[in-house]
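Here are my notes on the model you sent over. I've kept them as numbered points so you can follow along with the structure open.

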Amino acid sequence: MANVIVIGAQWGDEGKGKITDLLSRSADVVVRPQGGVNAGHTIVVNDQTFKLHLIPSGILYPDTECIIGSGTVIDPKVLLQEFDQLEALDVSLDRLYISQTAHVTMPFHRLLDQASEEKRGEHKIGTTGRGIGPTYADKSERMGIRVVDLMNPEILRKKLLWTVEYKNVVLDKLYDLPPLDPETVIAEYTTYANRLRSHVVDSSLKIYEAIHQRKNILFEGAQGTLLDLDHGTYPYVTSSNPIAGGACVGAGIGPTMIDRVIGVAKAYTTRVGEGPFPTELDGELNQHLCDRGAEFGTTTGRRRRCGWFDGVIGRYAVRINGLDCLAITKLDVLDQLEEIKVCVAYELDGKTCDHFPGNAAEFARCQPIYKTLPGWQCSTEECRTLEDLPPQALDYLKFLAELMEVPIAIVSLGASRDQTIIVEDPIHGPKRALLHANGDPVA
């Protein structure tokens with residue numbers, strides 16, 4: 001039995017969807033503990049592409065239970081669109097469960113998110129405009145609507161009549177937007193409730209029971225470490241805690257119940273939205289990485305900013321999450337490059353900085369210090385073992401493992417399930433990875 005957390009080790013979009021999909025074949029339960037429809041996981045199975053935002057990736061395995069935890073914020077409209085997409089592809093939703101204490105994104109949350117971002121002007125954060133921040137804000141203000149409220153027509157009506165009236169004042173006075181009709185909102189969300197009702201459970205209890213039944217549980221993180229509300233590049237962050245500790249809070253279990261934490265990182269770095277990005281590239285190299293890596297957001301379609309691998313934020317992710325091992329994705333994107341750079345430290349105000357600075361103003365002034373490695377200039381897409389890799393590609397992975405001071409368990413070389421080197425199964429394997437930080441395979 002193993003309970004494993006999968007965490008993004010960069011700014012999100014690291015390819016967690018594929019990694020969680022791969023690990024789900026060994027899992028009995030997959031839990032989504034935090035985030036909302038601002039997360040997007042793309043999975044390719046037999047040339048079929050699935051784009052999921054709220055439903056855990058394990059839904060594609062017929063015997064796997066999937067749980068949307070209490071730390072998520074749920075937009076029922078988008079969730080039911082995912083229902084329709086999956087049912088049209090004959091994917092069963094019978095084993096999908098939704099936490100009764102998760103908070104619900106309402107129409108006014110989306111309107112406020114978009115209006116607030118526009119109002120910020122040059123100070124905009126780069127949100128997805130899907131209402132995630134305002135939903136979490138209402139949760140903190142203790143005026144949110146939870147799934148359990150959605151299931152009770154009387155309570156839903158009582159809460160929404162007051163809340164919509166309150167939000168209409170804000171929409172009108174602050175943003176000059178027309179008011180919402182509370183009866184229309186109530187009717188719409190009552191319809192959603194009727195379809196979701198059979199999936200609603202006490203998710204914390206369900207997860208706890210699965211642990212005591214010694215089932216394998218995979219906790220599927222959304223976004224990435226550097227987007228964490230407390231430990232990311234604030235204010236250019238998300239509104240939840242996508243680090244390993246946040247998975248325990250969002251799922252409703254204690255940290256002693258976790259066996260391993262695996263971090264997912266691209267073989268280079270990307271970022272969506274605003275904020276500092278020390279290794280960001282421009283010109284032909286940026287275009288090359290973007291085109292070969294298909295770097296467009298699953299949720300928004302926005303073009304991602306691309307740059308070299310940043311070992312400083314990588315080591316920070318190892319520390320903040322307590323990573324046991326790594327999954328390196330999109331190694332194949334680097335196949336054609338003659339040389340590849342890796343950021344090993346920053347220069348900050350004339351001094352070498354080895355650690356991620358918590359001060360946002362300092363981080364904005366950081367300049368990357370690079371180590372240049374030779375490229376391999378041949379395709380890795382058909383490689384299925386470490387021995388299949390060209391020597392320079394294997395050396396690159398060894399360098400990343402040494403730099404991050406954590407072993408590599410999985411290497412992804414394309415979007416499909418089979419385009420993967422499983423060095424070690426983080427769920428069933430021993431608590432170590434074969435491609436070790438010292439660069440030597442372990443016997």
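**Notes on the model**

1. Let me start with Asn-38. Its relative accessibility is 16%, so Asn-38 counts as buried, the cut-off for that label being under 20%. You'll find Asn-38 in the loop that runs between strand S2 (29-32) and strand S3 (41-45). Bear in mind throughout that this is a predicted model.

2. Asn-38 also makes a handy reference point for Pro-235. In sequence the two are 197 residues apart, while their C-alpha atoms sit 16 Å apart in space. Pro-235 belongs to the loop between strand S10 (217-220) and helix H9 (244-251). Have a look at the peptide bond leading into Pro-235 from Tyr-234: the bond is cis, with omega near 10°. That deserves a glance, because most peptide bonds are trans.

3. Now the overall build. The protein chain has 13 helices and 20 strands. Measured out along the principal axes, its C-alpha atoms fill a box of roughly 65 × 50 × 40 Å. How does the radius of gyration of the protein chain fit with a compact globule? For 443 residues, a compact globule would come out near 22 Å, and the protein chain has 22 Å, so the two agree.

4. On packing and surface: buried residues account for 58% of the 443 residues in the protein chain. Take the contacts with a separation of 6 or more, and 76% of them are between residues 24 or more positions apart. About 18,300 Å² of the protein chain is exposed, with carbon and sulfur atoms supplying 49% of that area.

5. Next, the annotated residues. The unreviewed UniProt entry has an "active site" annotation covering Asp-13, His-41 and Lys-139. Do these residues gather at one spot or lie apart? They span 127 residues in sequence and the farthest two C-alpha atoms are 25.8 Å apart, so they do not all gather at one spot. Of these residues, His-41 is included in the lining of the largest cavity. I'd keep in mind that such annotations may be inferred rather than shown by experiment.

6. Asp-13 first. It lies in the loop between strand S1 (3-8) and helix H1 (16-24). With a relative accessible area of 24%, Asp-13 is partly exposed. If you leave out residues up to four places away in sequence, Asp-13 touches Lys-266, Thr-270, Val-272 and Arg-304. The backbone is worth a look too: phi of Asp-13 is near 60°, a positive value in a residue other than glycine.

7. Lys-139 is in another setting, helix H4 (residues 132-140). Its relative accessible area is 32%, so Lys-139 is partly exposed. Which residues does Lys-139 contact once its neighbours within four places in sequence are set aside? Those are Ser-70, Gly-71 and His-103.

8. About that cavity: the count comes to one cavity of 30 Å³ or more. The largest cavity has a volume of about 30 Å³. Its lining is made up of Arg-32, Ala-39, Gly-40, His-41, Leu-52, His-53, Leu-54, Ile-55 and Glu-220.

9. Ala-265 is another one to click on. Its place is in strand S11 (residues 260-266). Is Ala-265 buried or exposed? At 1% relative accessibility, Ala-265 counts as buried. Beyond neighbours within four places in sequence, Ala-265 is in contact with Ala-9, Gln-10, Glu-14, Phe-309, Ala-327, Ile-328 and Thr-329. For a longer span, try Val-73: it is 192 residues from Ala-265 along the chain, and their C-alpha atoms are separated by 25 Å.

10. Last, Lys-330. It sits in the loop between strand S15 (325-329) and strand S16 (339-348). Lys-330 counts as partly exposed, at 21% relative accessibility. Its phi is positive, about 55°, although Lys-330 is not a glycine. I bring that up because most residues other than glycine have a negative phi.

Note on methods: Residues are numbered from 1 along each chain as its sequence is written. This is a predicted model: local features need pLDDT of at least 70, side-chain atom pairs count only at pLDDT 80 or more; totals for chains, interfaces and linings use all residues. Side-chain values use heavy atoms; hydrogens and water are left out. On a 1 Å grid over the protein atoms alone, a cavity is a set of points where a 1.4 Å probe fits but cannot get out, and a pocket is an open set with protein on both sides within 12 Å along at least five of seven lines; lining residues have an atom within 4 Å of a point. Helices (H or I, at least four residues) and strands (E, at least two) are DSSP runs, numbered from the N terminus. Buried means under 20% relative accessible area, exposed over 50%, partly exposed in between (1.4 Å probe, protein chains only). Contact means heavy atoms within 4.5 Å. The radius of gyration is taken over C-alpha atoms; the globule rule is 2.2 Å times the number of residues to the power 0.38. Accessible areas come from the Shrake-Rupley method with a 1.4 Å probe; for residues, only the protein chains shown count as cover. Grid points are joined across faces, edges and corners, and a volume is the space filled by probe spheres set on the points.
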